[in-house]
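Please walk me through this structure in the viewer. Tell me what to select at each stop and what I will find there.

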Amino acid sequence: MDTAPGETPLLQMEGISKRYGGVRALEDADLVVHAGRIHAILGENGAGKSTLIKVMSGVVAPDQGRIVLDGREVTFDSPAAANRAGVVCIFQELSLIPELSVADNIVISDPPKKFGMIDRKAQRRIAVEALARAGASDIHPSALVKDLPLSRRQMVEIAKALARKPRILILDEATSALTAADVSKVFEVLKRLREEGLALLYISHRMHEIAELADDCTVFRNGRKIATYKAGTKSDTEVIELMIGREYQNVFPPKSTTSSSAKPILECRGLSWTDRLTDINFAVRPGEVIGLGGLDGQGQRELLLALFGVLRGCSGEVVIDGKPVRLGSPAQASSGEIGMALIPEDRKTEGLMLPMSVRENLAFAAMDKVSKHGIIDRVAEDRLLDEMVKLLAIKTAGLDIPVGALSGGNQQKVVIAKWLMRHPRIILLNDPTRGIDVGTKQEIYQLLRRLADAGAAIVFYSTDYDELIGCCDRVLVLYDGAIKRELAGDEITEHALIASALNIDVAQAEKMARAHP
């Protein structure tokens with residue numbers, strides 16, 4: 001399906017190829033985009049999706065191929081040129097400047113002027129209109145971006161794009177950092193924009209989002225277009241098999257049979273912090289994967305940060321190997337004596353130094369293991385880094401390329417590899433598969449289970465109910481900063497997770513579900 005019957009495409013990409021050194025990012029790729037339709041772009045990380053949209057939005061120039069807009073061949077030598085033609089992209093990596101206000105960020109590329117000066121009144125009006133159009137009227141235009149949580153920053157990014165009045169709007173994992181309420185608002189906005197005649201390109205690894213939004217879908221694999229089809233004509237399993245090029249089965253590895261008599265590695269006793277955490281009590285044993293559930297923003301992230309020594313002023317006790325400890329810093333938490341690791345939520349800003357090489361990002365974490373008296377043993381370093389690249393199947397053209405050049409899934413693998421080189425006994429994960437393709441997710445699930453089977457204790461926060469059900473031995477559901485329910489074994493179901501997240505009686509919720517299937 002290359003064109004809709006009786007319609008002239010708004011934009012066509014034909015024979016697009018792009019290489020970075022020896023790495024083929026795109027090879028003879030095609031894409032057809034129509035006005036008034038939402039077109040989903042699917043594929044694993046590294047399949048070529050990001051390079052395709054960077055070419056379309058003027059970020060990079062293709063080695064060969066052409067772009068046709070409104071029947072005329074065009075060349076975009078910069079994002080500004082693409083914006084002027086009506087092609088605007090919301091990238092997965094936020095482009096906001098934290099120290100500036102929301103209004104400043106929204107109009108930063110073309111601020112309104114009056115007598116040669118920025119017209120603050122007009123700027124505020126533009127920001128208010130853009131935020132309203134993005135379904136984010138509750139965000140104050142004078143607020144500093146650095147003071148907003150990640151989900152609200154993402155809404156500002158969407159408003160910033162809409163302020164440019166696009167004809168073609170590209171969304172690259174634009175909902176990956178959003179709360180469920182914000183996702184619903186964004187869906188309403190996108191459907192309205194479709195009705196207004198915009199063409200929308202939508203990249204997401206969340207199959208339920210594709211099912212709800214998309215009119216057309218195109219699958220890429222290894223830099224090539226594999227198939228284009230109308231949404232709803234293929235099952236999720238068929239789509240995933242197109243994406244990964246192999247049969248898709250056994251998404252989650254078997255759970256362990258950890259003995260409940262084993263002594264806990266980690267215990268929380270009455271842990272509290274300001275009004276965000278209240279009387280948290282739980283224990284994690286060797287070999288267990290403990291999930292943190294609940295609606296986003298109920299204290300899950302604060303709990304992980306408190307355990308890792310980031311938050312100041314916590315009360316209660318953290319107990320390691322039966323002994324109370326006071327974790328005053330991440331350095332103390334990650335020391336050999338305690339052996340804790342935290343995989344952060346935002347790999348771009350909290351987990352990696354993007355301009356630096358894969359080697360440098362990994363080597364920083366293992367400096368004490370490959371150096372003596374301040375001198376680095378390069379042979380030992382190369383051996384250790386090669387082991388980690390093989391263990392996590394990190395796809396890279398070499399250790400010396402910038403880590404920012406890797407796909408999102410491989411960047412996340414580098415973050416995990418950094419910590420694994422320190423051999424942690426307690427692993428805290430903050431939504432680690434956000435914005436990652438299904439193939440890489442599967443590899444991470446298997447890795448977590450292998451680590452647990454080797455004796456690690458894992459605390460795993462996820463906004464994806466399927467992950468909590470498939471990966472976790474127990475799930476602690478938080479509501480308003482407190483643990484409301486603990487689900488174990490067969491109790492971990494979608495109904496139970498949702499009911500617990502809403503602080504509704506599980507039995508009552510299941511009774512209602514049976515009455516209204």
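The tour below goes from the domains to one interface, and then to two sheets.

**Stop 1: the domains**

Keep in mind throughout that this is a predicted model. Colour the chain by domain. Domain 1 is made of 9-86 + 168-176 + 196-245. Domain 2 covers 92-165. Domain 3 consists of 261-339 + 424-517, and domain 4 is 347-423.

**Stop 2: between domain 1 and domain 2**

Show domain 1 and domain 2 and hide the rest. Their centres, taken over C-alpha atoms, lie 26 Å apart. How many residues of each domain are in contact with the other? Six from domain 1 touch seven from domain 2.

Interface size is often expressed as the accessible area that is lost when the parts come together. Here domain 1 and domain 2 bury about 660 Å² between them. Carbon and sulfur atoms account for 48% of that area.

Now select Arg133 and Glu196 and show their side chains. They meet in a salt bridge, at 2.9 Å from N to O. The count of salt bridges between domain 1 and domain 2 is one. For polar contacts, the interface of these domains has two residue pairs, with both at pLDDT 80 or more.

**Stop 3: the four-stranded sheet**

Move on to strands 13, 14, 16 and 17. These four strands form an open sheet in the order 14-13-16-17, and the pairing is antiparallel. Which strands stand at the edges? They are strand 14 and strand 17 (323-325). Each has a single partner strand, so one side of each has no neighbour in the sheet. From one strand to the next, the twist averages 25°.

Select residues 266-273 and 277-284. These are strand 13 and strand 14, an antiparallel pair joined by five bridges. Look across from Trp273: the residue opposite, in strand 14, is Leu277. Next, pick Thr274 in the hairpin of these strands. The hairpin has three residues between the strands, and Thr274 takes a positive phi near 40°.

Then go to residues 315-320, strand 16. Strand 16 pairs with strand 17 in the antiparallel sense, over three bridges. Val319 faces Pro324 of strand 17 here, the two standing opposite each other.

**Stop 4: the six-stranded sheet**

Select strands 15, 18, 21, 22, 23 and 24. This open sheet of six strands runs in the order 18-21-22-15-23-24 and has mixed pairing. Strand 18 (340-343) and strand 24 (482-488) are the edge strands, each pairing on one side only. On average, neighbouring strands of this sheet are turned by 20° against each other, direction ignored.

Zoom in on residues 426-430 and 457-461. Strand 21 and strand 22 run parallel here, joined by five bridges. Asn430 stands opposite Tyr461 in strand 22.

Finish by adding residues 438-453. This is helix 16, which packs on the sheet. Helix 16 touches strand 15 (289-293), strand 21 and strand 22. Its direction makes about 150° with that of strand 22.

How values were computed. Residues numbered from 1 in each chain as written. Predicted model: local features only at pLDDT ≥ 70, side-chain atom pairs only at ≥ 80, totals over all residues. Heavy atoms only, no water. Pairing = 2+ DSSP bridges. Axes fitted to C-alpha atoms, helices over the stretch in contact; angles between N-to-C directions. Contact = heavy atoms within 4.5 Å. Domains from an automatic or database assignment. Buried area = accessible area lost by both parts, 1.4 Å probe. Salt bridge = Lys/Arg side-chain N within 4 Å of Asp/Glu carboxyl O. Polar contact = N/O pair within 3.5 Å; in protein donor to acceptor, adjacent residues only side chain to side chain.
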